[in-house]
Structure formats: structure tokens, C-alpha cells
Amino acid sequence: MNDRVSSGSTPIMPPSTAALERAVAILQGGGLVSFPTETVYGLGADAENVEATQKIFSAKGRPADHPLIVHLASLDQIDGWAREIPADARRLAERFWPGPLTLILRRGPRSLDVVTGGLDTVGLRVPGHPVALELLRRFGGGIAAPSANRFGRVSPTRAVHVREELGDRVDLILDGGDCSVGLESTIVDASGATPSILRPGAVTAEQLAEELGRPLVAPAEDAPRAPGRMASHYAPEAVVELVERGGMIERLPQVLAVRRRVAVIAPSIPPNIPAFDEWLKRGRVVFVESSPDLEVLARSLYELLREIDRLGCDGALVELPTDAGLGAAIIDRLRKAAGLG
Ligand code: TXA
Ligand code: MG
């Protein structure tokens with residue numbers, strides 16, 4: 001069962017009992033299973049199997065010093081993975097798990113060096129997707145899983161994206177439909193006295209502050225780098241530029257002077273640009289409608305970024321949403337896509 005599928009591409013299976021049993025057998029045999037979470041699809045391996053977790057790095061083309069998140073079925077399983085759970089961390093886990101929150105905690109003996117990248121801390125998360133939870137319950141242990149994309153590329157939010165990204169480098173893809181959140185989890189470093197946000201996500205800064213009764217501090221200068229803090233992590237092939245609302249009128253003609261075909265991504269056609277229709281007709285501009293609703297925008301953001309490449313655009317102008325609530329995470333990922341880190 002742990003053998004790679006030798007002919008054709010990796011199967012994409014709906015999460016039937018048989019598929020889940022097969023997934024568990026693959027994990028137990030040291031193979032790789034891609035599974036849906038509410039944030040993005042993960043590329044999972046038995047977190048306590050060194051060789052299996054090493055396969056994650058080669059499948060993704062990811063440097064070995066980038067630590068992996070360990071997924072657990074519930075907060076009750078945390079012992080052994082973390083060696084200390086500060087009161088704030090417990091409070092956040094109780095409030096937001098299962099859900100799109102990863103907690104960085106001091107590592108326990110079950111957290112291997114290959115998973116933590118040699119750090120003294122480990123990232124833990126109980127995901128809020130029924131298929132992920134069922135897989136975790138059946139497997140029983142921790143599943144180490146980064147997003148199921150090649151290193152430096154857009155995270156998959158659909159089963160077919162995983163196949164496009166990883167081909168037969170993964171043994172089985174469980175199809176749980178489109179991810180409901182669409183952006184990677186919020187990462188909170190809760191290993192020290194004062195928690196800080198390392199990567200914004202669907203559990204917002206406002207929600208975290210409300211739960212803890214105070215705003216979270218900015219990450220320390222020497223805090224370990226989350227991938228969300230690396231320039232150009234979620235980049236499509238096209239050159240992406242971010243534009244404030246109302247800024248298209250000035251920027252679009254300038255960009256068209258140096259690009260062949262430009263995707264304009266905004267909730268509505270930018271007003272007062274007389275040549276817009278003409279550019280659309282000549283294929284110089286492609287208008288891609290984004291949602292004004294932040295939750296819908298987050299869910300569709302990576303699909304929009306993929307769309308830019310599919311449309312054959314060499315440039316894209318994206319209208320920025322508000323930076324409140326979920327907007328902070330969306331802007332964070334857009335900045336990565338624009339290479340602004
Ligand atoms: O929503 C998510 O978090 C998805 C799903 C699959 O759970 N996973 C995900 O994994 O986004 P990944 O590997 O693409 O991003 C997680 C990042 C790591 O690359 C790392 O930078 C950070 O979390 N991380 C993990 N352990 C850490 C640690 N001990 N200290 C600081 N950052 C850590
Ligand atoms: Mg990732």
C-alpha cells in the first residue's frame with residue numbers, strides 16, 4: 001500500500017471509508033497523503049517517521065530548515081508534542097481549535113528535529129475540516145503537513161491543484177472539495193511570555209486580542225521566519241503589483257507601456273478610464289472580478305492568482321482590500337505575490 005502509484009497520475013479520491021483506510025495505510029507505511037483542511041490542502045506524512053517527513057521536503061523542493069506544522073486530532077493529544085503550554089496558548093487552543101490557528105510552542109520529545117528544523121519549538125494545529133479530523137483520528141498520531149504546493153508557489157485550495165503541483169510525488173490525494181478559508185492558518189508564537197503573530201490568517205489579530213484581553217505584540221527581531229515572511233513566496237509567473245482603490249486610472253496606462261497583457265483584479269471595473277473597453281477588446285487588458293466580501297476574497301485569492309497565469313498575462317494590477325480583520329491576511333499574501341515580502 002505504501003508503494004507509489006506507478007502508472008498514470010496519483011489518484012484523487014473522495015473521502016470514503018475505503019479511501020481513508022488507504023490513506024492511513026499509506027501514512028503508516030511511510031508514504032505521503034495530501035488531505036484537505038479548511039485553510040489549504042496539506043501534504044502529510046507520519047510526523048514521527050524521519051524518512052517519511054524527509055519525503056515531504058523532496059516532494060516540495062523545500063529547504064530542510066523550514067519547519068513543518070504537526071496536525072493533531074484534538075487538544076488532548078498535545079502532550080509529548082509540546083513540553084509546556086502557557087496559559088495564553090491553552091486559552092487560544094480552547095477557543096480556536098479545531099480551526100485555522102497554528103501555535104508555536106516549546107517542543108516535546110515526540111517533535112523530531114526533521115519536523116522542527118532543529119528549533120526548540122514546534123508548530124501545532126488541530127484543523128477544522130471534517131476529512132482532516134477523521135484522517136487524524138483514524139491515524140492516531142501527529143501528521144506533519146506543509147501546504148501541498150511546490151516550494152515558493154501558490155498553496156492549493158482544490159484537490160486538482162495538488163495534482164498540478166506535485167504530480168506523482170504524492171501517493172494519494174483525498175478530495176474534500178474547495179477549502180472554505182483559502183489562506184494558510186494564522187501562526188501565533190506562544191512559546192514565550194508574550195504571544196505574537198508570525199503569519200496573519202483567518203483567526204484575526206482582533207479576535208486574538210479579544211480572547212487574550214490585550215493586543216498581541218509584534219514578533220521579536222530574532223523570531224524564526226515563517227514562510228509567510230519570505231519575499232515572493234506565493235508568486236504567480238506574472239509581475240503582480242498592488243494598487244490602492246482609485247489608483248488604477250494612473251497606474252494601468254504606465255504598466256501597459258511595459259507589459260503585453262495585464263490582468264486587472266478588482267471588485268468592479270475601474271471607473272473613468274476611457275480606453276478601458278478598447279484595451280479589453282484588443283486583449284491588452286483582462287478584467288478579473290474579485291469579491292468585495294473579505295471571506296469570499298480570501299477563499300478565492302489563490303485561484304485568482306492562478307487565473308493570472310492561465311490567462312496568459314505577464315502583468316497584474318490588484319486592488320487592495322481594507323486592512324481590517326481578514327483583510328490583513330489577504331494583503332499579507334498579496335504582498336508576497338507582489339514580491340514585497
Ligand atoms: O494552514 C496551514 O497552516 C497549512 C495547512 C496544511 O495546515 N499549512 C501550512 O504549512 O501552511 P507551511 O509549511 O506551508 O507553513 C507553515 C510554516 C512553516 O513553514 C514555518 O515557517 C512555520 O509554519 N513554522 C512551523 N514551525 C515553526 C516553528 N517552530 N517556529 C516558527 N515557525 C514555524
Ligand atoms: Mg506553504
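This passage describes one strand with its neighbours and the nonpolar cores of a predicted model.

Strand E9 comprises residues 186-189, and both of its faces are covered. In a regular strand the side chains alternate between the two faces of the sheet. In E9, Thr 186 and Val 188 lie on one side, while Ile 187 and Asp 189 lie on the other. These four residues are all buried.

E9 is paired with strand E5 (residues 101-106) and with strand E10 (residues 196-199). E5 and E9 run parallel and are joined by four bridges. Within this pairing, Thr 186 of E9 is the bridge partner of Leu 101. E9 and E10, by contrast, run antiparallel and are joined by three bridges. Here Val 188 has Ile 197 in E10 as its bridge partner. The connection from E9 to E10 is a hairpin through six residues.

Leu 101 also belongs to the largest nonpolar core, which has 44 residues. Together with Trp 97, Leu 103 and Leu 124, Leu 101 is among the residues with the most contacts inside this core. At least two residues of the core come from each of several elements: strands E3 (42-46), E5 and E6 (121-125), and helices H2 (50-60), H3 (87-96), H4 (113-116), H6 (159-166) and H7 (205-212).

When residues up to four places away in sequence are not counted, Trp 97 touches Leu 75, Ile 78, Leu 92, Leu 103, Leu 124, Arg 125 and Val 126. Another nonpolar core, of 28 residues, lies apart from the largest one. Its members include Val 154, Leu 305, Cys 313 and Ile 330.

Conventions. Residues numbered from 1 in each chain as written. Chains lettered and ligands numbered in written order. Predicted model: local features only at pLDDT ≥ 70, side-chain atom pairs only at ≥ 80, totals over all residues. Heavy atoms only, no water. Buried < 20%, exposed > 50% of the residue type's maximum accessible area, 1.4 Å probe, protein only. Pairing = 2+ DSSP bridges. Core = buried A, V, L, I, M, F, W, Y, C linked by side-chain atoms within 4.5 Å. Contact = heavy atoms within 4.5 Å.
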